Amino acid sequence: MLPHRNISLFISLLCHASLLSSLFAKELELGYYSDTCPDAESIVWEVMRRAMVREPRSVASVMRLQFHDCFVNGCDGSVLMDETETMLGEKEALSNINSLRSFEVIDEIKEALEENCPGVVSCADIIIMASRDAVALSGGPYWNVKLGREDSLYASQDDSNDIMPSPRANATMLIDLFSRFNLTITDLVALSGSHSIGEARCFSIMFRLYNQSGSGRPDPNMDSKFRNKLDSLCPRGGDENVTGGMDSTPVKFDNQYFKDLVQLRGFLNSDQTLFSDNIRTRKLVKKFSTDQEAFFKAFIKGMVKMGDLQSNRKGEIRRNCRVANNQREDDFLIRVF
């Protein structure tokens with residue numbers, strides 16, 4: 001048992017940490033930029049629209065950034081930061097390297113916003129707005145987003161490695177992970193529906209095709225015709241950077257993803273497991289496969305809850321989403337001196 005003095009000190013430190021958290025956590029609001037940057041949301045929408053015309057896959061890639069950002073120390077734009085001599089970036093984390101992409105779309109949005117209202121809109125908020133627009137531009141629902149986040153001063157590759165799931169994750173692992181962020185099983189299944197759009201690399205499914213659970217055999221929870229299709233796309237010894245759609249309508253945001261899971265045609269193990277390995281998640285997959293409106297409503301609710309995950313660390317409004325403002329100044333001083 002701790003001595004009385006140590007207990008008092010421990011309680012004091014907890015109270016101090018709580019005070020700091022309340023000081024640094026921002027109050028998120030609808031219409032946050034209505035006075036300071038009234039065109040912010042329309043600017044984000046237009047850049048995302050142009051990006052989709054250039055490459056339809058890009059908007060799905062942007063949407064993924066919200067998940068990979070918000071789960072690691074809250075929605076603070078840390079996933080956008082480039083590695084420096086003194087900081088290992090989250091872009092190189094195990095779940096992100098050679099996987100996360102379309103950072104140039106965020107750069108384009110930030111440049112347009114800086115021209116219109118410099119130093120006002122955070123990169124963290126850009127991710128939230130752009131993710132919503134990615135869904136709507138792909139035929140999915142549109143919803144209002146709360147804004148007012150600040151950008152982190154640094155990224156943490158270690159934290160990303162500790163938190164982000166592998167494509168091999170099963171339903172139980174995913175349920176446990178989401179519960180750490182007060183996200184329910186319904187949130188998990190609905191947010192997994194983000195894979196309604198976009199593509200994934202063969203690298204992520206080679207074990208499913210040829211050595212599931214170390215068996216030397218393919219995943220038994222896979223439709224045989226679909227497996228033959230994936231065998232051709234991702235042959236043993238082939239280029240593992242080749243990509244395939246994560247459902248059979250990879251540029252349209254709809255409930256086809258869930259229909260595919262019911263038919264054992266999920267691309268990733270972490271997707272198919274929601275139908276094949278857990279009774280609770282299977283029930284929701286079946287529901288969303290027949291009720292697109294229910295999926296859309298649950299998806300919006302999950303995205304809003306995920307967007308509410310905040311960093312309790314002091315932040316800033318970055319001028320460049322890839323680097324902290326002080327890092328830009330430090331680099332300038334190094335070049336000068």
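Helices and strands are DSSP runs, numbered from the N terminus, with at least four residues in a helix and at least two in a strand. In these terms, K91 is found in the loop between α3, which spans 56-70, and α4. The model described here is a predicted one.

The secondary structure of the protein chain comes to 15 helices and four strands. The chain has 337 residues, of which 49% count as buried. Among contacts in the protein chain with a separation of 6 or more, 76% are accounted for by residues 24 or more positions apart.

K91 counts as buried because its relative accessibility is 10%, and the limit for that class is under 20%. Not counting residues up to four places away in sequence, K91 touches V79, L80, M81 and D82, together with N96, I97, F103 and R322. With L80 there is a polar approach as well: the side chain of K91 reaches the backbone oxygen of L80 at 3.1 Å.

The structure holds four disulfides. With bonded cysteines counted along the chain, the pattern of the disulfides is 1-4, 2-3, 5-8, 6-7. One of them joins C37 to C117, with an S to S distance of 1.8 Å. C37 lies in the loop between β1 (29-30) and α2 (40-54), and C117 in the loop between α4 (103-116) and α5 (123-137), so this pair ties together parts that are 80 residues apart in sequence. Both C37 and C117 are buried.

A further disulfide links C70 and C75, with 2.0 Å from S to S. The link of C70 and C75 is right-handed, with 120° about the S-S bond. C70 is buried, and C75 is buried too.

C123 and C321 also form a disulfide, and their sulfur atoms are 2.1 Å apart. The torsion about the S-S bond of C123 and C321 is about -95°, so this disulfide is left-handed. C123 belongs to helix α5, whereas C321 lies in the loop between α14 (292-307) and α15 (325-336); the pair therefore ties together parts that are 198 residues apart in sequence. Both ends are buried: C123 has a relative accessible area of 0%, and C321 has one of 2%.

Helix α14 also takes part in a helix packing contact with α8. The axes of α8 and α14 come within 8 Å and cross at roughly 105°. Angles of 65 to 115 degrees count as roughly perpendicular, and α8 and α14 are therefore roughly perpendicular to each other. On the α8 side the contact is made by T186, D187, A190 and L191. On the α14 side it is made by F295, A298, F299, G302, M303, K305 and M306.

Several positions carry the UniProt annotation "binding site", taken from an unreviewed entry. The annotation covers D247, T249 and D254, and H195 is covered by an annotation with this name as well. T249 lies in the loop between β4 (243-245) and α11 (256-262), and D254 is placed in the loop between β4 and α11. T249 counts as partly exposed because its relative accessibility is 22%. D254, in contrast, is buried, with a relative accessible area of 8%.

The side chains of D254 and T249 make a polar contact at 3.1 Å. Leaving aside neighbours within four places in sequence, T249 is in contact with S196, D254 and Q256. On the corresponding count, which omits residues up to four places away in sequence, D254 touches S196, D247, T249, Q292, F295 and F296. S196 thus appears among the contacts of T249 and among those of D254. F295, which D254 touches, is one of the α14 residues that make the contact with α8.

H195 is found in the loop between α8 (185-192) and β3 (199-201). H195 is buried, with a relative accessible area of 16%. Apart from neighbours within four places in sequence, H195 is in contact with M246, D247, Y257, L268 and D271. D247, among these contacts of H195, is also touched by D254 and is itself covered by the "binding site" annotation.

How values were computed
Residues numbered from 1 in each chain as written. Predicted model: local features only at pLDDT ≥ 70, side-chain atom pairs only at ≥ 80, totals over all residues. Heavy atoms only, no water. UniProt positions renumbered as here; feature names shortened; annotations may be inferred. Buried < 20%, exposed > 50% of the residue type's maximum accessible area, 1.4 Å probe, protein only. Contact = heavy atoms within 4.5 Å. Polar contact = N/O pair within 3.5 Å; in protein donor to acceptor, adjacent residues only side chain to side chain. Disulfide = S-S within 2.5 Å. Axes fitted to C-alpha atoms, helices over the stretch in contact; angles between N-to-C directions. Parallel < 35°, antiparallel > 145°, perpendicular 65-115°, else oblique.
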